[in-house]
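Student: I have a chain in front of me and would like to learn how to read it. Can we go through it step by step?

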Amino acid sequence: MDALVYYSKAEFIETDTGNKVSRRATIAGPQNIILGGKTIISSGAIIRGDLRRTGPGHAVVVSLGRYCLVGDGCIMRPPYKTYRGNFNYYPMKIGDHVHIGANSVIEAATIGNHVIIGKNCIVGKFTIIKDCAQVADNTVIPPNAVIPALALFAGSPGLR
C-alpha cells in the first residue's frame, strides 16, 4: 500500500462538495467546468473551461466525476475539430475515481470510471477510454483511439 500523502490546507481551496483545488492551479472558464465532489486538482494543473462552442446550450466543457485526482502540471483541454469549415470544441466527460498522473496532457472525449492515467502521458483528441482501463507512464495515445475496458496500454503509440 502506498504511503499517506499529506497536504497543506493553506495551499488548497476546499469547496462545499469537498473538492480541493490548489491555489497554484489554473482554472480557465470555471463556469464551464463541473467537479463532481471530493476531487483534487493539484498545483500547476491547467483546466481549460474557456474553450467552448459558441452559441446557447453549450455551457459544460469539462465534467469531472467524484473522487478524481488531477496530478501536478496536468493540462486538460476539450477536443476540437473543423467540420464543414467551422471550428468547434466538444465537451470532455471524465467519470468517477479517475487518477491522472503528473504532467499529462488530456484531450479525450470520454474517460470512464476507475481509470488510471500515468505520468507524462499524452491522450489525443477524441480518445475514448472505457471503464477500469489503465494507461502506463510516458504513453502517447493517438487521436480517435478507443481503449477498451480492463485494458492496459503502454508505449508510443500506446498499444495493448
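Student: How much area does the chain expose, and what share of it do carbon and sulfur atoms supply?

Tutor: This is a predicted model. The chain exposes about 8800 Å². Carbon and sulfur atoms supply 55% of that area.

Student: What percentage of the residues is buried?

Tutor: Buried means under 20% relative accessible area. Of the 160 residues in the chain, 42% are buried.

Student: How many helices and how many strands are there?

Tutor: The chain has 22 strands and zero helices.

Student: What does the radius of gyration tell me about the chain?

Tutor: Compare it with the value for a compact globule. For 160 residues that value would be near 15 Å, and the chain has 15 Å, so the two agree. Along the principal axes, the C-alpha atoms fill a box of roughly 50 × 40 × 20 Å.

Student: Which way do strands E10 and E11 run, and how many bridges join them?

Tutor: In a regular strand, side chains alternate between the two faces of the sheet. Here, E10 covers residues 80–83 and E11 covers residues 86–89. They run antiparallel, joined by four bridges. Tyrosine 80 stands opposite tyrosine 89 in E11.

Student: What lies between the strands of that hairpin?

Tutor: Two residues. Look at arginine 84 in this hairpin: its phi is positive, near 55 degrees.

Student: How many charged side chains of each sign are there, and how far apart are the centres of the two sets?

Tutor: Count 17 positive and 10 negative side chains. The centres of the two sets lie 8 Å apart.

Technical notes
Residues numbered from 1 in each chain as written. Predicted model: local features only at pLDDT ≥ 70, side-chain atom pairs only at ≥ 80, totals over all residues. Heavy atoms only, no water. Rg over C-alpha atoms; globule rule 2.2 N^0.38 Å. Buried < 20%, exposed > 50% of the residue type's maximum accessible area, 1.4 Å probe, protein only. Areas by Shrake-Rupley, 256 points an atom, 1.4 Å probe, with all protein chains shown as cover. Lys, Arg positive; Asp, Glu negative; His and termini not counted. Charge placed at Lys NZ, Arg CZ, Asp CG, Glu CD. Pairing = 2+ DSSP bridges.
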